[in-house]
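Work through the exercises below with the sequence and the structure open. Each task is followed by a solution in steps.

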Amino acid sequence: MLGREHDIALNPDACPVQAKVDMIRALDMHALWRACVDLINQHLPCHSCTLMYDITGGYQPQRSLHFLGETPCSDARPLRSLDVAAPYLQQNPRVHWYTLSQIASSDAQARQRLRAQNPAPGWREFIHMAFWGDDGPEAVLSIRMHEGHEQITDAHQQFLGELHQLMGAGLQRVRSLQDERRTVYQALLDRQSLPDIILDHDLHPISVSPAAQRLYADWLSRHDQPADLPDAIASALRGWLGRADKRDIGSGLQVSHPRRPEVELHITLEGRLLAHPQQPLYLLRLAAMQSTTATPARPMWSKLSPTEQRVAGLVVDGMRNDEIAHHLSRSRKTIESQISAIYRKLDVGHRAQLVRLLSTVC
């Protein structure tokens, strides 16, 4: 799964009216979530809460957003699945909200599944709000109540009804905007021949050009979902794009093919399409190439060990020492030592001279 979890902090200055206004105005998932959490904490004794969304047919959320309140339980963990509630959802389609107690009254294994999932939650009751699409729940909001404050009053029930309406409308609005944006970007990429992709902040493709689809289709394994990036590419991008705000446009990353070591993928950061601190969009360009490990037959390359050939190839590709270290899962100090050894073996004095030498020799 490519989805990330995002923790947020409670806004202590939020008021119920402002939180409602923020929910109504929210144009992205993070803004909607922050307003939702502020509103919940004004009305309920909330221990923690989670929004699980992009739910597949097997009741498996692909993405989630979390709020963990102040709690004396150091083992508190965010909820990441619907294992406890899935049977209840199957039996009660279109239910708006329900509690753990309701589930447990007809499902003797529910609390046991909860303990297996989170043995020390610090709470004994949850409220789930389900938001349904044509084929099942699209999102579930889980609110865990502080231990000792599990009773749901009439005022709580009135609030939950209002919250369900606000959150449902917000989710619909955000998804509509996301679909509109995806359609616009896809129309742009469909008209060009370059292998470009646009990713959201969770590395889910928003739009993929036909050339890029053909290129990375070869990288899919039987475990990959066609709608997502291949795991081999996504795992390499995850750490690299985590620092994309500090990278120059035009910087690149090399990714080795998981089954064909002679093939590599060069990924270039071409641009950032949305200036949002929590939801950046990345425009990437892909290029397939032969691995630099296939070069030892050339005289200069043959002076280097296989490991040094790999490092030298990444230097030639324009990667900095910290990028090479991350790409090869080594320390920067190790990479610097290897590059110094390469300089000595090839009798060069600096990086530019090394690049010229290895780029021209046959």
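**Exercise 1.** In this predicted model, find which residues have the most contacts inside the largest nonpolar core, and which elements supply the core.

Solution. Step 1: the largest nonpolar core has 32 residues. Those with the most contacts inside it are Met23, Trp33, Ile40, Leu51, Leu141, Ile143 and Leu163. Step 2: at least two residues of this core come from each of α1 (16–25), α2 (29–43), β2 (46–55), β3 (61–68), β5 (125–133), β6 (136–145) and α6 (154–190). Step 3: with 8 residues, α2 gives the most to this core.

**Exercise 2.** Leaving aside neighbours within four places in sequence, list what isoleucine 143 is in contact with.

Solution. Step 1: set those neighbours aside. Step 2: the contacts of isoleucine 143 are then Ile40, Leu44, Cys46, Ser48, Cys49, Glu125, Phe126, Ile127, Leu160 and Leu163. Step 3: apart from the largest core lies another core, of 24 residues, including Leu203, Leu215, Trp219 and Tyr282.

**Exercise 3.** Describe the aromatic pair of tyrosine 88 and tyrosine 98, and state whether each residue is buried or exposed.

Solution. Step 1: a search of the whole structure gives 2 aromatic pairs. Step 2: in the pair of tyrosine 88 and tyrosine 98, the rings are 4.9 Å apart centre to centre, with 40° between the planes. An angle that is neither under 30 degrees nor over 60 counts as tilted, so this pair is tilted. Step 3: tyrosine 88 lies in helix α3 (residues 86–91) and tyrosine 98 in strand β4 (residues 97–99), so the pair ties together parts 10 residues apart in sequence. Step 4: the cut-off for buried is under 20% relative accessible area. Tyrosine 88, at 12%, is therefore buried, and tyrosine 98, at 0%, is buried too.

Note on methods. Residues numbered from 1 in each chain as written. Predicted model: local features only at pLDDT ≥ 70, side-chain atom pairs only at ≥ 80, totals over all residues. Heavy atoms only, no water. Phe/Tyr/Trp six-rings, centres within 6.5 Å; stacked < 30°, edge-to-face > 60°. Helix = DSSP H or I, 4+ residues; strand = E, 2+ residues; numbered from the N terminus. Buried < 20%, exposed > 50% of the residue type's maximum accessible area, 1.4 Å probe, protein only. Core = buried A, V, L, I, M, F, W, Y, C linked by side-chain atoms within 4.5 Å. Contact = heavy atoms within 4.5 Å.
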